[in-house]
Amino acid sequence: MIPKIIATILLSLILIPAAFGQIVDTLYTNPNMEGGLSYYECYNSVLYFPYGTIKSVGDAYNYYETGVIFGRYYVGFDLPLYPDSLELIQADLFLYQWGCMGNGVIGPFPIWDVPGGDTVFCVADHIDIGPFLYIDDWEAGDPGNVGTFQSNFGLLSSDSILGWKTLNVTDQALQDYELLREWTQFRIRFEIDTDWDYYQDLLYFCSGEHTVNPPMLVLTLEPKNSIADRFGEKASMYSEISAYPNPFNDGVFIELTTPLKSAGDLTVYSLEGKEVFSYIINSVNNPYYWEGRDYNGSLLPSGIYFVVWRMENSEIVEKIVMCK
Ligand SMILES: [Ca+2]
Ligand SMILES: [Ca+2]
């Protein structure tokens, strides 16, 4: 489990934009909903490969059975429930591509010999296969299939560079939450089944049985009704707040710009929405200086604060960060 934890921390640091007030949750693939399904030309049937650390997408030539095989990869994640105070703002699917083969040669991206060109990328479908993956889920993701929410909603991989491949799946996860589904599921495949040229064209992904780079779903959540949300939409187009330095240590200069005559008031709120300090402004007299203290002069804890400038018909918000 330790490598997964390390991978999570690294991802949070490197790939997810750091933002205060956001909660990042990393989910790992559910083994019941993960696996490879492959169609065998010689048997004219689909076989199921639930286990193993290698999951391939694309086509292969089976020397023993003499015929073309083509495979798809299915992955699913249990969706956790969150308190009403949080909302999902982003979901990203992470799959680690560790191998690549084009026309039977290790290294190049799959080379599909299709009419009009061979630019065929690896795509994702949003699907519903229930709590377990079965052979008859093969067509879930095809247009018209009962298990298809959305066919080909995005590119997962279009190059031979090994490493994490990511896809924004926010709309898909939101839809699953709206439908009260307990999981979110995807099919990974090429846009054509196979080019039937008897040369192997494959992408390899780490599966959930990999200890180091298993498939992940990274959810970014934010507290609902934050100060920024409550006031942001009513912001004036003509007035603005600038704060510097930001983040600040000793104190922050707050400068107001407005063509309006009435200047309103300037209030500082904590992340939780508690008023901690304010200035009454009869006429703008820049800059205002705030040392990170409340009305009693007590130093407040480091963290995120919002400066709200409330005027006659508008409110403007500036996020400031105190690092003591
Ligand atoms: Ca080929
Ligand atoms: Ca081929």
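These legends describe three close-up views of a predicted model. In this model, local features need pLDDT of at least 70 and side-chain atom pairs count only at pLDDT 80 or more, whereas totals for chains, interfaces and linings use all residues. Residues are numbered from 1 along each chain as its sequence is written, while chains are lettered from A and ligands numbered from 1 in the order in which they are written.

**View 1. Strand β2 and its partners β3 and β5.** Strands are DSSP runs of E, at least two residues, numbered from the N terminus. Two strands pair if DSSP finds at least two bridges between them. β2 (residues 35-40) runs antiparallel to β5 (residues 67-78), with 6 bridges. Ser-38 has Gly-71 as its bridge partner in β5. β2 also runs antiparallel to β3 (residues 45-49), with 5 bridges. Here Leu-37 faces Tyr-48 of β3. A hairpin links β2 and β3, with 4 residues between them. In its turn, Asn-44 has a positive phi of about 50°.

**View 2. The open sheet β14-β15-β18.** Its 3 strands pair antiparallel. β14 (240-244) and β18 (288-290) each have a single partner strand, so one side of each lacks a neighbour in the sheet. β15 (residues 252-257) joins β18 through 3 bridges. Val-252 pairs with Trp-290 of β18 in one bridge.

**View 3. Gln-150 in strand β9.** β9 covers residues 148-157. Gln-150 is partly exposed because 16 other C-beta atoms lie within 10 Å (buried, 20 or more; exposed, 12 or fewer; partly exposed, in between; C-beta atoms placed from the backbone). Gln-172 is 22 residues away in sequence, with 8.5 Å between the two C-alpha atoms.
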